[in-house]
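Trainee: I would like to learn how to read salt bridges in a protein model. Could you walk me through them?

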Amino acid sequence: KNYVFPNPSNPFQEIFPETKEIVDPQTHQMYEDFVGVKTGDVNGNAVTNSLSSTEDRTAGTLTFDVEERVVEAGETFLVEFRPAEASTGYQFTLYHPGLQVVDVRPGGGMSADNFGIFPQEQSMTASYFSTKSAGGFAVTFRATNSGSLSRMLSLSSRITRAEAYRVETDGTTPELLDIALRFNSGETPVVAGVGLELYQNQPNPWTNRTRLGFHLPEPSEAVLTIFDEAGTVLFSRTETYAHGYNAITIDNTVLNTASGLMFYKLETPKGSAVRRMIKM
């Protein structure tokens, strides 16, 4: 706390102390003063306290219209993603198992830098912000399997979190929106947003602390359980979580001396998911 920045207008002019050593942390430390600085949290949704969650209060849903069709393995075709209403920007992960991305055709004001291709993840990402209205884009796919697009394309927050933004009439306050795909086929379109997702813990492997993130399609009670290879339950927590992204921070005090390969499972009324992690 007593560190003085030589140039307050440029705190990065020199390396400043970012850690503090505490002797005998089991006793009280009432005289150990420090200032905590949160870094890298661009949109303010970082969870800074242990065993807590974040809540998204969305003001609606930005829907992308996609023409439903059945494709055959080996077929190359173009898919257009058209936003149904004006927005300031959007970002999301598009999961496309059974389809390979051949080319991306950016919309007006966009470039290739607004997209990321992840073949091993069978995913691509889109992220775009505009001072005007953000438009759509198109992707050329090559099918490795046969099927309908509504079963081969889905939104995710696994790489880039799925959300959109709309500026209110006062021109200053942005509204946060959900994102959904609307597959148009006949009189009854199929609308699909981000469903239940359990993300890989970060960091992994971990030693002192890690974060388990997940997405809920609606507010609900969920049970998070951590167990070892033998099936012994090491940690279990039941809580009601908000719609959207939530996170729980796990540290050594929760798992005591347990280490090695572990599994964590999320159970909700809408389904469940399991992932692995390693504690060093």
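Trainee: Let us start with K265. Which residue does K265 form a salt bridge with?

Mentor: First, the general idea: side chains of opposite charge can pair when their charged atoms come close. Here, in this predicted model, the partner of K265 is E267, and their closest N and O atoms are 3.8 Å apart. That pair counts because a salt bridge needs a Lys or Arg side-chain nitrogen within 4 Å of an Asp or Glu carboxyl oxygen.

Trainee: Is K265 buried or partly exposed?

Mentor: K265 is partly exposed, having a relative accessible area of 25%. Its partner E267 is also partly exposed, at 34% relative accessibility.

Trainee: What is the N to O distance in the salt bridge of R237 and E239?

Mentor: The side chains of R237 and E239 meet at 2.4 Å, N to O. As for their surroundings, R237 has a relative accessible area of 22% and is partly exposed. E239 counts as partly exposed too, with 25% relative accessibility.

Trainee: Now a pair from strands. Which strands hold E67 and R82?

Mentor: Begin with the contact itself: E67 and R82 form a salt bridge through their side chains, 3.3 Å from N to O. E67 lies in strand β1 (residues 61-67) and R82 in strand β3 (residues 76-83), so this salt bridge ties together parts that are 15 residues apart in sequence.

Trainee: How much of E67 and R82 is accessible?

Mentor: E67 has 44% relative accessibility and counts as partly exposed. R82 is partly exposed as well, with a relative accessible area of 33%.

Trainee: Which residues are linked with E67 and R82 in a network of salt bridges?

Mentor: E80 joins them: E67, E80 and R82 are linked in a network of salt bridges.

Trainee: And how many salt bridges are there by this rule?

Mentor: The count comes to 11 salt bridges. The pairs we discussed are among them, including K265 with E267 and R237 with E239.

Trainee: Let me step back to the whole protein. How many helices and strands are there?

Mentor: The protein has two helices and 20 strands. Of its 280 residues, 36% count as buried.

Trainee: What share of the contacts joins residues 24 or more positions apart?

Mentor: Among contacts with a separation of 6 or more, residues 24 or more positions apart account for 68%.

Trainee: And what about the accessible surface of the protein?

Mentor: The accessible surface comes to about 16,200 Å², and 49% of that belongs to carbon and sulfur atoms.

Key:
Residues are numbered from 1 along each chain as its sequence is written. This is a predicted model: local features need pLDDT of at least 70, side-chain atom pairs count only at pLDDT 80 or more; totals for chains, interfaces and linings use all residues. Side-chain values use heavy atoms; hydrogens and water are left out. Helices (H or I, at least four residues) and strands (E, at least two) are DSSP runs, numbered from the N terminus. Buried means under 20% relative accessible area, exposed over 50%, partly exposed in between (1.4 Å probe, protein chains only). Contact means heavy atoms within 4.5 Å. Accessible areas come from the Shrake-Rupley method with a 1.4 Å probe; for residues, only the protein chains shown count as cover.
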